[in-house]
Amino acid sequence: MFTLYSHGSPNGHKITIALEELQLPYEVHQTNVFAGEGQTSEFLSVNPNGKIPVIKDTETGQIITESNAILLYLANKAGKLMPTEPTEYWRGIELLFFQASTIGPMFGQRAHFTIMASETVPYAMKRYVEEGERLYKLLDEFLMGREYFLNDYSIVDIAHFGWLFTAVHMGFSFDKYPNLKAWYDRVGARPAVQKGVTIPSGLPTLPPRKDLVAQPV
Ligand SMILES: N[C@@H](CCC(=O)N[C@@H](CS)C(=O)NCC(=O)O)C(=O)O
């Protein structure tokens with residue numbers, strides 16, 4: 001049994017998708033980090049970094065933070081969704097690190113400067129929108145001639161889906177990248193994925209994007 005601290009967000013949805021795919025039992029403590037609930041002393045005792053997702057394995061008492069570490073923990077526990085053959089396993093590890101260190105932070109900055117920032121900073125918007133497009137192209141190349149990032153569907157797909165789902169929600173289309181679009185539709189059609197992105201809630205309604213609102217000249 002797992003206790004999951006989460007919220008409707010890209011990193012949170014990775015974990016609910018994996019728990020649903022693996023059919024592992026869990027209960028959710030909805031933690032609205034965007035309303036300050038990540039900074040309470042109770043939550044900071046669970047994750048000093050003040051961020052979701054976090055899981056507690058109630059069998060062992062182990063607490064894990066960092067979404068891709070949680071994905072690895074769950075896959076390892078269930079013996080599914082991560083290959084064991086060494087070449088494939090290490091490609092999977094490489095892509096999980098890539099997703100956590102590059103896709104998550106860069107897409108996060110793009111969301112921040114185009115939607116959340118209290119100031120309009122054209123340089124930052126341009127920088128992160130361009131970086132997002134460059135990464136779409138790279139993901140499209142990774143997926144050329146393949147159905148999934150590894151030979152079979154795995155936690156690597158789940159890790160990437162969390163952020164691509166958010167990108168679509170924010171209106172950052174990747175329709176012109178055919179391999180990425182086909183992969184997204186393939187993964188998005190899975191019942192566990194469709195359920196996972198609704199737990200504990202869907203993504204929040206967002207204000208208009210700054211780069212789409214006409215700026216005064
Ligand atoms: N590297 C972390 C990032 C976690 C993260 O940034 N979570 C976001 C939600 S997707 C959060 O808690 N944000 C609240 C905040 O930054 O205050 C992971 O992959 O789990």
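Here is a short chat about the sheet, the ligand shell and some unusual backbone spots in a predicted model.

Q: Before we start, what kind of model is this, and how are residues numbered?
A: This is a predicted model, where local features need pLDDT of at least 70 and side-chain atom pairs count only at pLDDT 80 or more, while totals for chains, interfaces and linings use all residues. Residues are numbered from 1 along each chain as its sequence is written.

Q: Great. What is the strand order in the sheet?
A: The order is β2-β1-β3-β4, in an open sheet of four strands with mixed pairing. Strands here are DSSP runs of E with at least two residues, helices are runs of H or I with at least four, and both are numbered from the N terminus. Two strands pair if DSSP finds at least two bridges between them.

Q: Which strands are at the edges?
A: β2 (26-30) and β4 are, each with a single partner strand, so one side of each has no neighbour in the sheet. From one strand to the next, the twist averages 20°; angles like this run from 0 to 180 degrees between N-to-C directions, with axes being lines fitted to C-alpha atoms, for helices over the stretch in contact.

Q: And β1, how does that strand pair with β2 and β3?
A: With β2 the pairing is parallel, over five bridges, and with β3 (residues 54-57) it is antiparallel, over four bridges. Phe2 stands opposite Tyr26 in β2 and opposite Asp57 in β3.

Q: Is β1 mostly covered or mostly open?
A: Mostly covered, as four of its five residues are buried. Buried means 20 or more other C-beta atoms within 10 Å of a residue's own, exposed means 12 or fewer, and partly exposed is in between, with C-beta atoms placed from the backbone.

Q: What links β3 and β4?
A: They form a hairpin with five residues between them, and Gly61 in the turn has a positive phi of about 80°. Three bridges join the two strands, which run antiparallel, and Ile55 has Ile64 as its bridge partner in β4.

Q: Switching topic: what surrounds the ligand?
A: There are 15 residues around the ligand, and the closest are Ser9, Asn11, Val33, Lys51 and Ser67. A residue counts as near if its C-beta atom, placed from the backbone, lies within 6 Å.

Q: Which helix gives the most to that shell?
A: That is α1, with three residues. α1 (10-22), α3 (67-78) and α4 (86-116) each supply at least two.

Q: How do α3 and α6 sit relative to each other?
A: Their axes come within 10 Å and cross at roughly 150°. The two helices are therefore roughly antiparallel, a label for angles over 145 degrees, with under 35 roughly parallel, 65 to 115 roughly perpendicular and the rest oblique.

Q: Any odd backbone spots? Where are the cis peptide bonds?
A: One runs from Ile52 to Pro53, with omega near 5°, and another joins Ile199 and Pro200, with omega about -5°. Pro53 is in the loop between α2 (41-46) and β3.

Q: Why do these spots stand out?
A: Because most peptide bonds are trans, and most residues other than glycine have a negative phi.

Q: So what about Gln23 and Leu81?
A: Gln23 has a positive phi of about 55°, and Leu81 has one near 65°. Gln23 is exposed, with 9 C-beta neighbours inside 10 Å, whereas Leu81 is buried, with 22.
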